[in-house]
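The following exercises concern the interior of a protein and the surroundings of its ligand. Each task is followed by a worked solution.

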Amino acid sequence: MADCLFCKIIAGEIPSTKVYEDEYCYAFKDIAPQMPVHIIVVPKKHLANVLECTEEDIEIAGRIQLAIANIAREQGFAENGFRVINNCGRDAMQTVHHIHYHILAGGMMGEKIV
Ligand code: AMP
Ligand code: ZN
């Protein structure tokens with residue numbers, strides 16, 4: 001999508017610190033980390049958020065899960081654990097409208113998610 005920040009990152013038009021890439025997914029370090037490890041995982045296909053996913057996107061959804069697991073192992077935080085967050089829409093304060101999953105790791109998090 002022409003005016004999408006994360007599409008531009010995937011295309012290499014805007015720089016990012018790449019952490020992982022496969023045929024379906026791209027992952028990079030968040031520019032404003034909220035934990036010692038803060039990685040954004042996106043599908044290469046532009047979808048605004050989970051509400052835009054259809055049956056056609058089932059493989060992408062599965063690939064994202066596998067990418068997250070691969071990243072956790074490769075980056076060395078699989079054993080200690082991590083949190084995955086997806087913001088969808090206004091109340092969740094989604095700011096970039098290309099579906100993405102925040103991986104947070106590298107320290108103890110609160111019992112509550114928010
Ligand atoms: P959300 O609020 O869920 O839409 O999250 C968007 C995330 O994208 C935020 O955590 C931002 O810090 C992050 N972000 C915005 N611009 C960039 C960028 N150029 N490179 C890496 N992360 C970014
Ligand atoms: Zn996009």
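Contact means heavy atoms within 4.5 Å. The model is predicted: local features need pLDDT of at least 70, side-chain atom pairs count only at pLDDT 80 or more, and totals for chains, interfaces and linings use all residues. Residues are numbered from 1 along each chain as its sequence is written, chains are lettered from A and ligands numbered from 1 in the order in which they are written, and side-chain values use heavy atoms, without hydrogens and water.

**Exercise 1.** Determine which residues I64 touches, not counting residues up to four places away in sequence.

*Solution.* I64 is in contact with C25, V41, V42, P43 and Y101.

**Exercise 2.** Identify which members of the largest nonpolar core touch the most other members.

*Solution.* Step one: a nonpolar core is a set of buried Ala, Val, Leu, Ile, Met, Phe, Trp, Tyr and Cys residues joined through side-chain atoms within 4.5 Å, where buried means under 20% relative accessible area (1.4 Å probe, protein chains only).
Step two: among the 18 residues of this core, A27, I39, V41, I64, I71, F77 and I103 touch the most other members.
Step three: a second, separate core has 10 residues, including C4, F6, C7 and I9.

**Exercise 3.** Describe which polar contacts (pairs of N or O atoms within 3.5 Å) link ligand 1 to D30, I31 and V96.

*Solution.* Step one: a polar side-chain atom of D30 lies 2.5 Å from an oxygen atom of ligand 1.
Step two: through a backbone N or O atom, I31 lies 3.1 Å from a ligand 1 nitrogen atom, and V96 lies 3.0 Å from an oxygen atom of ligand 1.

Methods
Buried means under 20% relative accessible area, exposed over 50%, partly exposed in between (1.4 Å probe, protein chains only). A polar contact is a pair of N or O atoms within 3.5 Å; within protein, one must be able to donate a hydrogen and the other to accept it, and residues adjacent in sequence count only if both atoms are side-chain atoms.
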